[in-house]
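Reader: I am new to reading protein models and would love a close look at one part of this one. Could you walk me through how two of the helices pack against each other, and then show me how that part fits into the rest?

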Amino acid sequence: MPQYMDVHDGFVGVTRAQLEEAHVRSNWTINVHDEELRLTPQASLQLLRVAQEALTNVLKHAHASHVQIDLRHAEDTLELQIMDDGRGDAHSKGTGRGLENMRARARQMGGTLEVQSDKRGTCVALKVPMETAVDLHLA
């Protein structure tokens, strides 16, 4: 039987630990009710990997002191948004494949990934159709 990720304990617990180690303050907004929404194992993994990559970019490149992580269920979409107050150079030419990998994961789930970056920081926004993220038999 597949394991379903508890959004609050699984998602928040894993990513919060990374930020605390780097002394980056974080605020979380989770508008997803665990009792109503269980992510499929595939969606859980893809969501977690996108979040980890975005947060890795914050830690490695942004020199941010604060990051805001929002996860919400909006109509027929699951939305993850990660915003930092760093340097805002997400579109600079680098040697890594992080943004490319995040976009590929979004496409695998039938979703989109948008990155906006300016001198005030960077915002990574993942939007995934609920039908690909949720096991409808459990929701």
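Author: Happy to help; what follows starts with the overall layout, moves to the helix pair, and then turns to the core and a few loop and strand residues.

Please keep in mind that this is a predicted model. The protein has 4 helices and 5 strands, and starting at the N terminus the elements come in the order α-β-α-β-β-α-β-β-α. Of its 139 residues, 44% are buried. If you take the contacts with a separation of 6 or more, 68% of them are between residues 24 or more positions apart.

Now for the pair you asked about. How are α2 and α3 arranged relative to each other? Their packing angle is about 160 degrees, and their axes are 10 Å apart. Angles over 145 degrees count as roughly antiparallel, so α2 and α3 are roughly antiparallel to each other. The crossing of these two helices is left-handed.

Which residues make this contact? From α2 come Q42, Q46, R49, V50, E53, A54 and N57, while α3 brings G98, L99, M102, R105 and Q108. Sorted by character, the residues where α2 meets α3 are 4 nonpolar, 5 polar and 3 charged.

Let us pause on one of them, Q46, which sits in helix α2. Is Q46 buried or exposed? Its relative accessibility is 4%, and buried means under 20%, so Q46 counts as buried. Leaving aside residues up to four places away in sequence, Q46 touches R105, Q108 and M109. Two of those names, R105 and Q108, you have already met on the α3 side of the contact.

The helix α2 also has a part in the protein's interior. In soluble globular proteins, nonpolar side chains tend to be buried together. Here, the largest nonpolar core has 33 residues, and V67, I69, L78, L80, I82, L113 and L126 are those with the most contacts inside it. At least two residues of this core are supplied by each of β1 (25-31), α2 (41-62), β2 (66-74), β3 (77-84), α3 (98-108), β4 (112-118), β5 (121-129) and α4 (130-133). Both helices of your pair are on that list, and α2 gives the largest share of the core, 8 residues.

Follow the chain on from α2 and you come to H63, in the loop between α2 and β2. H63 is not a glycine, yet its phi is positive, at about 55 degrees. With a relative accessible area of 57%, H63 is exposed, because the cut-off for exposed is over 50%.

A second residue of this kind is E75, in the loop between β2 and β3. The phi of E75 is near 55 degrees, again a positive value in a residue other than glycine. E75 has 76% relative accessibility and therefore counts as exposed.

Within strand β2 itself you can find H73. Where H63 and E75 are exposed, H73 is partly exposed, with a relative accessible area of 40%. Setting aside residues up to four places away in sequence, H73 touches N31, V32 and M130. Take N31 as an example: H73 and N31 are 42 residues apart along the chain, but their C-alpha atoms are separated by 6.2 Å.

Conventions: Residues numbered from 1 in each chain as written. Predicted model: local features only at pLDDT ≥ 70, side-chain atom pairs only at ≥ 80, totals over all residues. Heavy atoms only, no water. Core = buried A, V, L, I, M, F, W, Y, C linked by side-chain atoms within 4.5 Å. Buried < 20%, exposed > 50% of the residue type's maximum accessible area, 1.4 Å probe, protein only. Axes fitted to C-alpha atoms, helices over the stretch in contact; angles between N-to-C directions. Parallel < 35°, antiparallel > 145°, perpendicular 65-115°, else oblique. Left-handed = near helix turned anticlockwise from the far one by under 90°. Contact = heavy atoms within 4.5 Å. Nonpolar A, V, L, I, M, F, W, Y, C, P; charged D, E, K, R; others polar.
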